[in-house]
Amino acid sequence: MFESVTAFIQKKIRPLQDEVDDAHIMHLATAVLLLEVSRADFDISEEELQAIVCALADRFQFTEQEVQNLIDLARSEQENHVSIYPFVKIINDGCTMEEKKNLLLDLWKTAYADHRLDKYEEYQIRKIADLLYLPHSAFIQTKLDVLEGRG
């Protein structure tokens, strides 16, 4: 699986680079998790997609084209894999607790981008938060931050 992710990145994200570094794999894992939340309710709204674009552009200082390439690659990866666990492992292995909390905040922003929270979106965020070893207090606090406009 890991070789598959690396091969995709080498072909599509940074074709001019000789090596794929851990940051590029982290970018892909982040994009996959954001897309996973947006499709949890079986409807990826335009607002949710825009929230994902903004999150990726802000977090990684990507251009619009780089973000679009990353989203296309993440969608392709989602179709080829039935589990989010490899992507969660990448995040767990490479992120600090604070970075994981920031990702959780972006997951909530994505879920609320269409001004409604579906129970499946909330479930998916809860599952991801648990897999990232984030405490329940972080799950609740980031949700409240988004709801109150602090996120």
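In the predicted model, Asp-130 counts as partly exposed, at 42% relative accessibility. The side chain of Asp-130 meets that of Arg-126 in a salt bridge, with an N to O distance of 2.3 Å. Both residues belong to helix α7, where they stand 4 residues apart, about one turn of the helix. Arg-126, in contrast to its partner, is buried: its relative accessible area is 18%, and the cut-off for this class is under 20%.

The Arg-126 pair is part of a wider set, as the structure holds 8 salt bridges. Side chains of opposite charge can pair when their charged atoms come close. A network of salt bridges links Asp-41, Asp-114, Arg-116 and Asp-118. Within this network, Arg-116 forms a salt bridge with Asp-41, and the closest N and O atoms of the two are 3.4 Å apart. Arg-116 is located in the loop between α6 (97-112) and α7 (119-131), and Asp-41 in the loop between α2 (22-38) and α3 (46-60), so this pair ties together parts of the chain that are 75 residues apart in sequence. Arg-116 also forms a salt bridge with Asp-114, for which the closest N and O atoms are 4.0 Å apart.

The members of these two pairs fall into two accessibility classes. Arg-116 is partly exposed, with a relative accessible area of 39%. Asp-41 is buried, at 10% relative accessibility, and Asp-114 is likewise buried, with a value of 15%.

The helices on either side of the Arg-116 loop, α6 and α7, pack against each other at an angle of about 170 degrees, and their axes are 10 Å apart. The two helices are therefore roughly antiparallel, given that angles over 145 degrees are placed in that class. On the α6 side, the contact is made by Leu-104, Leu-107, Trp-108 and Ala-111. The α7 side contributes Glu-121, Glu-122, Ile-125, Ile-128 and Ala-129.

Helix α6 also contains Glu-99. This residue counts as partly exposed, at 37% relative accessibility. Apart from residues up to four places away in sequence, Glu-99 touches Arg-59 and Gly-94. Arg-59 and Glu-99 are 40 residues apart in sequence, and their C-alpha atoms are separated by 10.0 Å in space.

A sequence separation of 40 residues also applies to Val-67 and His-27, whose C-alpha atoms are 9.6 Å apart. Val-67 is found in helix α4, which spans residues 64-80. With a relative accessible area of 1%, Val-67 is buried. When neighbours within four places in sequence are left aside, the residues in contact with Val-67 are Val-53, Leu-56, Ala-57 and Phe-62.

A nonpolar patch on the surface is formed by Ile-140, Leu-144 and Leu-147, which together have about 230 Å² of accessible area. Ile-140 is found in helix α8, a segment covering residues 136-147. At 34% relative accessibility, Ile-140 counts as partly exposed; this value meets the requirement of over 30% for patch members.

Technical notes. Residues numbered from 1 in each chain as written. Predicted model: local features only at pLDDT ≥ 70, side-chain atom pairs only at ≥ 80, totals over all residues. Heavy atoms only, no water. Buried < 20%, exposed > 50% of the residue type's maximum accessible area, 1.4 Å probe, protein only. Contact = heavy atoms within 4.5 Å. Patch = residues over 30% accessible without salt bridge, like charges linked within 9 Å, V, L, I, M, F, W, Y side chains within 5 Å. Areas by Shrake-Rupley, 256 points an atom, 1.4 Å probe, with all protein chains shown as cover. Axes fitted to C-alpha atoms, helices over the stretch in contact; angles between N-to-C directions. Parallel < 35°, antiparallel > 145°, perpendicular 65-115°, else oblique.
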